[in-house]
Every structure is written in C-alpha cells, then in structure tokens.
Amino acid sequence: MQNIYTDLALEMAEQLSGGQGGSDSGIDGVEISVENNEVHDIKVTVVQITNDAGEAAMGKPRGNYITIESPEIMVNNVEAHEEIISILANKLAELTKGIKKSGGSTLVIGLGNRDVTPDALGPKVVSKVLVTRHIMESLPQELAGGLAPLCALAPGVMGTTGIETAEVVRGLVEHIKPALVICIDALAARKISRINQTIQLADTGISPGAGVGNKRMSLNQQSLGIPVIAIGVPTVTDVATFVNDAMDLFLSEMSESTPESLQDGAKFFDMLQKLEDRDKYAIIRNILQPYVGNMFVTPKEIGEVVGWLANIIANSINIATHEGISREDINRFMY
C-alpha cells in the first residue's frame, strides 16, 4: 500500500513508527532527538539516518535532517522570528563548520518558480541574501574580516527555461568552484498543521520539484562533487491528504458524539477510524483522481507567509555565512 507522500524526514519517521513521537523511533538506523523552546513554542527535532537499514526504511539518504516547527512562523511575531533565525543559523553553522574551514565561496541556489507563490520561496530568499563574492577584493579591511564570499542564483524551472536545474547548477559549480552549495526549495507535508510552520534543514541535498511530485535530477554531493545543504519549507499538501485529515476529524467527532438517530452507524464510524492512514489515503486518492487529478492545496495567506519565511531563511544564511556581522548589520545592508 502506498505511503502518504511527504518531504519531511520527521513525518516519514512518524509514519514508520505508527505516529509515535519522542526520541525512540523504533526504526533500525534512525535516531531522533527533540529540543523544545517553550517561550516561543519552537520545537527542534533532529532525525539522523545512520546506516543502510535506515536509508531503506526512510527512503532517504543517510545524514542529518533538522526540523524547526513553530506556529509563530505564520504570524508577524518579530521576537519569535528572531529566535527562529538564531536557531536556524546555529544549526546551519554546525553543519557547515568543517566545510567553511577549507575556504572557498558559498553558492546559494533558490529553486522554484518565482511566478507561482507557493513555489517562490527559493527565488525570494536569493533576493535577500548578502552576496559578496564580486566585491571581496575591493572591501575595506574592517569589513572584509567579517564577510565571506557568497554568490546566489535563482535558475528558474525547467518548464520555463527548458534547462534541467541540475545542469545549470553543475555548470556554475564547475566554473566558480564554491566550497558549498545551499539550496532552498518549497516542500510538501503530510500534516496540514505543518504547512508554512516548519523548516527542514538537511545535509543530504535535494531533488528539485519533489514537493509537487515532479522530481528532477538530484542536487547532492554525488552529482556536484561538493557538499550540498538543503533548506525547505512545506508550503503545500496534496488534496487527498487534505481530505484524509478532514475525514479523520469528522470520524473522531462522530464516534465521540454520535446523535441518537445515527447510533446504528457508530460501529461504522469506529471501523473507518481503525483503518490505517495509508489505506484511507489510498482509497481517497483513488476516488479523487478522476475529478481533481494530482492537485495540491495551500493556505490563502501563503503570499504573506512566504515573505516572512524568506526573511527568516535569508537572515539565517547571512548570519551563518558572514560570521563577523550581526543580524542588525545585515538588515542595514539589505533592507
């Protein structure tokens, strides 16, 4: 039976462990640790895939997958956003510490279509990162010590350029020879509650278009020859998942407070509730397929939220890359 699709390693681990949270995944080769920041309701979960068994079970390459979750991402809470920026910048710095010691520039790639709002996160981040590679030699000494060479590009999507994104990035890597590539892309989530409220950071690379079921050539160390960090945010979920979650809420409500006139149907509601998520999802998807096809949905406030997310991710990259300057300094340079 087909698994419910998700780009989040955390959600895949939850599916495999029967929805159990916490650090005991029960999956061979998968280790999970959780940190909570109660001040701004921020939860950080680290999923580590450590061996071949973990790779096979998760369907993802071994490495580190760091998930930052907070409902405050979706509201204009400056203090919460600053805390999330700090956490993401620190995690990114940890993953790239050894790489940056080798010197060389950082190449930031904003994946996605800037003309489609839920897919515009990557290009928006690129417009806000502090690019310095072209001016490093001419910077005064007092600034050069705090900045690192960084360049950025939003290569567009194959549907509008006719060029495979991986081909563009591979050409850039061969020409400018960066030490590190950071890719930003929109993802898809299993749980509606995680849409626009979750940031995933991974040191295993990314497959452009995966969030909408349109995988292209992967961008990773195997394809590019250098380390690739991926930062993604789930901005969409497929319509079958949306209906599945709505049905779960309906069944839960009906089984707990079934009207007297429908008492005979209570057992039916209980039976549906006991179906595995994968089975319910498969049934719903088969029913909907002739009518809506492979449709994805996103919240109506997506435009505003993508702008906040772009600021959070761009500032995190700026702080982690340019270690000698603060967030206030970057804001003066960029906004």
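Select strand β7 to begin: T198, Q200 and A202 point one way from this strand, I199 and L201 point the other way, and all of them are buried. The model on the screen is a predicted one. In a regular strand the side chains alternate between the two faces of the sheet. Since five of the five residues of β7 are buried, the strand is largely enclosed by the rest of the structure.

**The neighbours of β7**

Keep β7 selected and add β3. These two strands pair in the antiparallel sense, over five bridges. To see one point of this pairing, select E69 together with its bridge partner in β7, T198. Next, add β8, which pairs with β7 in the antiparallel sense over three bridges. Within that pairing, L201 stands opposite I231 of β8.

**Strand β6**

Now move the selection to residues 180–188, which make up strand β6. Is this strand enclosed or open to the outside? Nine of its nine residues are buried, so β6 is largely enclosed by the rest of the structure. Colour the two faces separately to follow the arrangement. On one side are L180, I182, I184, A186 and A188, and on the other are V181, C183, D185 and L187; both faces are covered, and all of these residues are buried.

Which strands are joined to β6? One is β4, residues 106–110, which runs parallel to β6 and is joined to it by five bridges. Select V108 and then I182, its bridge partner in β6. Another is β8, residues 228–238, also parallel to β6 and joined to it by eight bridges. Here V181 stands opposite V228 of β8.

**Two cysteines**

While β6 is displayed, select C183. This residue counts as buried, because its relative accessibility is 0%. Then select C151, which is buried as well, with a relative accessible area of 12%. A disulfide is a covalent bond between the sulfur atoms of two cysteines. How many disulfides does a search of the whole structure find? The search finds zero.

**A network of charged side chains**

Turn next to the salt bridges, of which a search of the whole structure finds seven. Select R194 and E14 and display their side chains. The two form a salt bridge, and their closest N and O atoms are 2.9 Å apart. R194 lies in the loop between β6 and β7, while E14 lies in helix α1 (residues 9–16), so the pair ties together parts that are 180 residues apart in sequence. R194 and E14 are both buried.

Leave R194 selected and add E69, the residue already seen in the pairing of β3 with β7. E69 forms a salt bridge with R194, with the closest N and O atoms 2.8 Å apart. This pair links distant parts of the chain, for E69 is in strand β3 and R194 is in the loop between β6 and β7, 125 residues apart. Both E69 and R194 are buried. Extend the selection to E11 and K191: salt bridges that share partners join E11, E14, E69, K191 and R194 into one network.

**A salt bridge with D52 and R62**

For the next stop, select D52 and R62, whose side chains meet in a salt bridge at 2.2 Å, N to O. D52 lies in helix α2 (residues 52–58) and R62 in the loop between α2 and β3, so the pair ties together parts that are 10 residues apart in sequence. Are these residues buried or exposed? D52 is exposed, with a relative accessible area of 53%. R62 counts as partly exposed, at 38% relative accessibility.

**A nonpolar patch on the surface**

Switch to a surface display and select L275, I283 and I287. Together they form a nonpolar patch on the surface, with about 250 Å² of accessible area. I283 belongs to helix α11, residues 277–292. This isoleucine, I283, is partly exposed, with a relative accessible area of 45%.

**The whole chain**

Finally, clear the selection and display the entire chain. The chain contains 13 helices and nine strands. Of its 335 residues, 48% are buried. Among the contacts with a separation of 6 or more, 72% are between residues 24 or more positions apart. The chain exposes about 16,100 Å², and carbon and sulfur atoms supply 51% of that area.

Definitions and conventions. Residues numbered from 1 in each chain as written. Predicted model: local features only at pLDDT ≥ 70, side-chain atom pairs only at ≥ 80, totals over all residues. Heavy atoms only, no water. Buried < 20%, exposed > 50% of the residue type's maximum accessible area, 1.4 Å probe, protein only. Helix = DSSP H or I, 4+ residues; strand = E, 2+ residues; numbered from the N terminus. Pairing = 2+ DSSP bridges. Disulfide = S-S within 2.5 Å. Patch = residues over 30% accessible without salt bridge, like charges linked within 9 Å, V, L, I, M, F, W, Y side chains within 5 Å. Areas by Shrake-Rupley, 256 points an atom, 1.4 Å probe, with all protein chains shown as cover. Salt bridge = Lys/Arg side-chain N within 4 Å of Asp/Glu carboxyl O. Contact = heavy atoms within 4.5 Å.
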